[in-house]
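Hello,

I am passing a structure on to you, and my notes on it follow below. Please have a look at it first and then read on.

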Amino acid sequence: MKPFASRDSGRCVAVDTTAREAVRPRGGVRAEDWNSTVKSLRSPVVSRPQHKRNRTWVTLVDCLWSNLVLNRTLGNARLRTSYANPPVTEAVIEFRFKPKPGFSVEDIDRCTEQVFGTNLGRQILRDVESQIFVADSKYETQATNIGFKLQCESSNTVLQLRLDRLVYSKLAPYTTWEEFSSDALKYWIGYRDVAEPESMQRLGIRYINRFKPETTALDPAEFLTMRIAWNEKELGEQFSAWEVRLGLPFQQQHCTAMLYNSVGREGILLDIDVYRTASLPRPTEPLEPVLSELKEIERRVFESCITDAARELFK
């Protein structure tokens, strides 16, 4: 079983299950807690145990949290703002709201050409519900129109206009956050004036990153800071794939980051979804500050997951 190598101490450690909260606090780290947190990592609690009873090897969550909270790279120039060849296959911004009473799909239909133009391919979005009646051996399906999907092939952009949300997607090649967020806000203002939402319910951004290093034997440890421990003696050292999903709360910013990571034949996938559902501005107020904060968290999560070898691929 592979233990986690601490960057601060340079040695392999295991952590008491009773001591994990000292390493991975729930509410973030205050400045005055920094020294005590580092001391806890170097105390006898984290030395390699002679007996495994009541102790658990450091897991992926601990490794990632250690990077997010304790990794010095978050505070220096390594936290990059952009790459020449970003691995982004799709970037998404979602504006979810409480619609005004009486707002209908017909209202969306009437505004599509007026607000978004005629050069976008249009597709109806449907919500399909199925029912099976065992006694009568019947199967019924009902489809309800919930909005429209508009796509511009020339700019690789997709818009979803629903009764309770606007979703803006930018497919590869991705350019910059400034251009991407500016376009999304332009579409949001146009849709907001038609929908007249009563309140905001969710703001979120999502970045789907995929990259495949040119190597015959992909070693995730070369490109990812995360580690997975297993019983190598019983299961062997080789593995063909892994899949991990983590929820990371950022309580001070009222945000949550959902991270999905997979490694397999298609390469490495880092899917990061950061959203906020509390303390949101009114629909008519500027949303740029919240979106910028979400983007900063997404950037920190991404940079905390990759190594310098991965960064070299994006230059």
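Where is Pro281 found? Pro281 lies in the loop between β12 and α8; helices (H or I, at least four residues) and strands (E, at least two) are DSSP runs, numbered from the N terminus. Before I go on, please note that this is a predicted model, in which local features need pLDDT of at least 70, side-chain atom pairs count only at pLDDT 80 or more, and totals for chains, interfaces and linings use all residues. Residues are numbered from 1 along each chain as its sequence is written, and side-chain values use heavy atoms, with hydrogens and water left out.

**Pro281**

Pro281 is buried, with a relative accessible area of 15%; buried means under 20% relative accessible area, exposed over 50%, and partly exposed in between (1.4 Å probe, protein chains only). Not counting residues up to four places away in sequence, Pro281 touches Met200, Pro286, Leu287 and Val290, where a contact means heavy atoms within 4.5 Å. From Pro281 to Leu203 the C-alpha distance is 9.8 Å, although the two are 78 residues apart in sequence.

**The chain and its confidence**

The chain has nine helices and 12 strands, and buried residues make up 43% of its 315 residues. Of the contacts with a separation of 6 or more, 69% are between residues 24 or more positions apart.

The average pLDDT (the predictor's confidence in each residue, from 0 to 100) is 78, and 73% of the residues score at least 70. Among the elements, strand β2 (residues 12-16) has the lowest mean pLDDT, 33, and β4 the highest, 98. Please be aware of residues 1-63, where the pLDDT is below 50; this stretch has 89 contacts in the model beyond near neighbours in sequence. Residues 69-77 also stay under 50, and the model gives them 16 contacts beyond four places in sequence.

**Strand β9 and its partners**

Strands β4 (residues 88-98) and β9 run antiparallel and are joined by 10 bridges; two strands pair if DSSP finds at least two bridges between them. Ala91 has Tyr207 in β9 as its bridge partner. Nine bridges join β9 to strand β12 (residues 267-276), again antiparallel, and Leu203 stands opposite Arg276 in β12.

Gly204 is found in β9 and is buried, with a relative accessible area of 2%. Leaving aside neighbours within four places in sequence, Gly204 is in contact with Val92, Ile93, Glu94, Val274, Tyr275 and Leu294. The C-alpha atoms of Gly204 and Val167 are separated by 9.5 Å, with their positions 37 residues apart along the chain.

**The aromatic rings**

Rings of Phe, Tyr and Trp (its six-membered ring) pair if their centres lie within 6.5 Å; planes under 30 degrees apart count as stacked, over 60 as edge-to-face and the rest as tilted. By this rule the count comes to 13 aromatic pairs. In one of them, Tyr174 and Tyr207 have ring centres 5.5 Å apart and planes at 80°, so this pair is edge-to-face. Tyr174 lies in the loop between β8 (165-171) and α5 (177-195) and Tyr207 in strand β9 (residues 199-211), so the pair ties together parts that are 33 residues apart in sequence. Both tyrosines, Tyr174 and Tyr207, are buried.

Phe180 and Tyr207 are also edge-to-face, because their ring centres are 6.3 Å apart and their planes at 85°. This pair links Phe180 in helix α5 with Tyr207 in strand β9, 27 residues apart. The relative accessible area is 3% for Phe180 and 1% for Tyr207. One aromatic cluster is formed by Tyr168, Tyr174, Trp177, Phe180, Tyr187 and Tyr207.

Two lysines sit over rings of this cluster (NZ of Lys or CZ of Arg within 6 Å of the ring centre and within 35 degrees of the ring normal): Lys186 lies over the face of Tyr187, at 5.0 Å from the ring centre, and the charged end of Lys295 is over the ring of Tyr207, 3.8 Å from its centre.

**Helix α5**

Helix α5 has 19 residues and reaches 26 Å from its first C-alpha to its last, close to the 27 Å expected at 1.5 Å a residue (the expected span is 1.5 Å times one less than the number of residues). Its buried residues include Trp177, Phe180, Ala184, Tyr187 and Trp188. Among the elements that cover them are β4, β8, β9 and α8 (288-305). After α5 comes Glu196, whose phi is positive, near 50°.

Best wishes
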